[in-house]
Amino acid sequence: MFEIAVVITQIAILIFVVTSMLAMGLSLTIPQIMQPLKNVRLVVLALVANFVLVPLLAYLILQVIPLEQGYAIGFILMATAAGAPFLPKLAQAAKGDMAFSIALMVLLMVVTAIYLPLVLPILLQGVEVNPWEIAQSLIILMLVPLAIGLFVKARYEATAASLYPHMSQASSTTFMLMIGGLLLLNIRNIIDFVGTRSIIVALMFLLIAFVIGFFLGGKDSGIRSVMGLGTAQRNISAAVVVAGQNFSDDPNVLVFIIVAGLIGLVILMPIGGELGKRAQVAAGNEMMPDKGQTDMN
């Protein structure tokens with residue numbers, strides 16, 4: 001029974017990642033992705049935040065609060081994997097710039113596939129890591145489906161429109177199966193995790209990462225909120241793929257990624273909602289006529 005649950009969970013992870021990328025590609029166009037990326041300064045700041053400052057933050061936290069090896073590896077994987085597919089949903093809740101959220105998500109996802117194989121062997125000293133296997137798994141499971149989806153959307157829009165709901169549904173269903181399976185298979189490890197300092201590490205990391213992105217987002221509230229949320233919400237799909245392919249012998253690696261990912265959603269959705277309320281209030285104030293001008297009229 002246990003072996004069957006393992007197989008189902010592994011299949012669910014693969015289908016979730018592939019269908020998520022396909023659904024994303026089927027719903028996007030190249031101009032949607034490229035237009036917001038013409039702001040070179042913003043692109044550079046987003047890359048620095050996600051691939052320099054956030055991994056550095058994780059490294060510094062581990063120097064202050066050491067974790068056992070499995071949790072530390074999971075933490076590093078999460079910190080170095082950016083471009084969460086969930087970002088547009090967070091941006092929508094925050095009333096952020098949707099075009100920028102889509103462009104940022106795709107940009108960070110593509111860079112992650114190149115960045116992870118290069119940086120992990122450096123950050124995980126003493127741990128055997130195969131850079132080519134990491135690159136291969138990310139390219140095959142994430143970038144290829146994304147490219148296929150974009151191609152179908154560009155050439156066969158009607159087909160993309162008909163396929164998208166099915167891919168989206170498959171992604172949602174397998175996500176629940178993946179989470180349920182990982183929770184079931186690792187329940188004892190998860191209970192142990194809750195009783196460790198790893199919870200504090202995950203919370204500290206997510207909140208500081210949000211602040212880093214938020215303040216690097218500039219003065220535009222719509223951009224700033226997306227930068228904050230996009231920097232804090234890591235690419236759990238990519239981290240899970242790398243963990244499953246390279247660290248399957250240590251369940252604590254996956255446990256950290258999954259639990260920290262769930263904590264991220266629980267924290268960032270209310271933050272997004274609060275940002276959305278503030279954006280609505282600000283928009284309402286801008287629409288109201290100046291009181292002095294009204295009195296003069």
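1. Asn 235 lies in the loop that runs between helix H11 (221-232) and helix H12 (236-246). Despite the loop setting, Asn 235 is buried, because its relative accessible area is 1% and the cut-off for buried is under 20%. Leaving out residues up to four places away in sequence, Asn 235 touches Ala 81, Ala 82, Gly 83, Ala 84, Pro 85, Met 109 and Met 142.

2. The model is predicted, and confidence should be checked before any detail is used. The mean pLDDT over the protein is 84, and 93% of the residues score at least 70. Confidence is highest in helix H3 (residues 40-64), with a mean of 94, and lowest in helix H14 (residues 291-296), with a mean of 51. Where pLDDT is low, the predicted coordinates should not be read in detail.

3. On secondary structure, the count is 14 helices and zero strands. Read along the sequence, the pattern is therefore α-α-α-α-α-α-α-α-α-α-α-α-α-α.

4. On overall dimensions, the radius of gyration is 20 Å, which agrees with the value near 19 Å that a compact globule of 297 residues would have. Taken along the principal axes, the box filled by the C-alpha atoms is roughly 75 × 50 × 35 Å.

5. Of the 297 residues, 49% are buried. The protein exposes about 14,600 Å², and 68% of that area is supplied by carbon and sulfur atoms. Among contacts between residues at least 6 apart in sequence, 82% join residues at least 24 apart.

6. On charge, the protein has 14 positive and 14 negative charges, and the mean positions of the two sets are 10 Å apart.

7. Leu 138 belongs to helix H7 (residues 131-155). Its relative accessibility is 1%, so Leu 138 counts as buried. Apart from neighbours within four places in sequence, Leu 138 is in contact with Thr 112, Ala 113, Leu 116, Leu 143, Ala 238, Val 241 and Val 242. Tyr 59 is 79 residues away from Leu 138 in sequence, and their C-alpha atoms are 23 Å apart in space.

8. Leu 56 sits in helix H3, the helix with the highest confidence in the protein. Is Leu 56 buried, partly exposed or exposed? With a relative accessibility of 41%, Leu 56 counts as partly exposed. Ala 79 is 23 residues from Leu 56 in sequence, with a C-alpha to C-alpha distance of 8.8 Å.

9. Val 194 is part of helix H9 (residues 187-194). Val 194 is exposed, because its relative accessible area is 52% and the cut-off for exposed is over 50%. Val 194 and Leu 118 are separated by 76 residues in sequence and by 31 Å in space, C-alpha to C-alpha.

10. Lys 95 deserves a look at the backbone. Its phi is positive, about 55 degrees, although Lys 95 is not a glycine. The residue is placed in the loop between helix H5 (87-93) and helix H6 (98-123). At 44% relative accessibility, Lys 95 counts as partly exposed. Two loop residues can thus be set side by side: Asn 235 is buried, whereas Lys 95 is partly exposed.

Terms used
Residues numbered from 1 in each chain as written. Predicted model: local features only at pLDDT ≥ 70, side-chain atom pairs only at ≥ 80, totals over all residues. Heavy atoms only, no water. Helix = DSSP H or I, 4+ residues; strand = E, 2+ residues; numbered from the N terminus. Rg over C-alpha atoms; globule rule 2.2 N^0.38 Å. Buried < 20%, exposed > 50% of the residue type's maximum accessible area, 1.4 Å probe, protein only. Contact = heavy atoms within 4.5 Å. Areas by Shrake-Rupley, 256 points an atom, 1.4 Å probe, with all protein chains shown as cover. Lys, Arg positive; Asp, Glu negative; His and termini not counted. Charge placed at Lys NZ, Arg CZ, Asp CG, Glu CD. pLDDT = per-residue confidence, 0-100.
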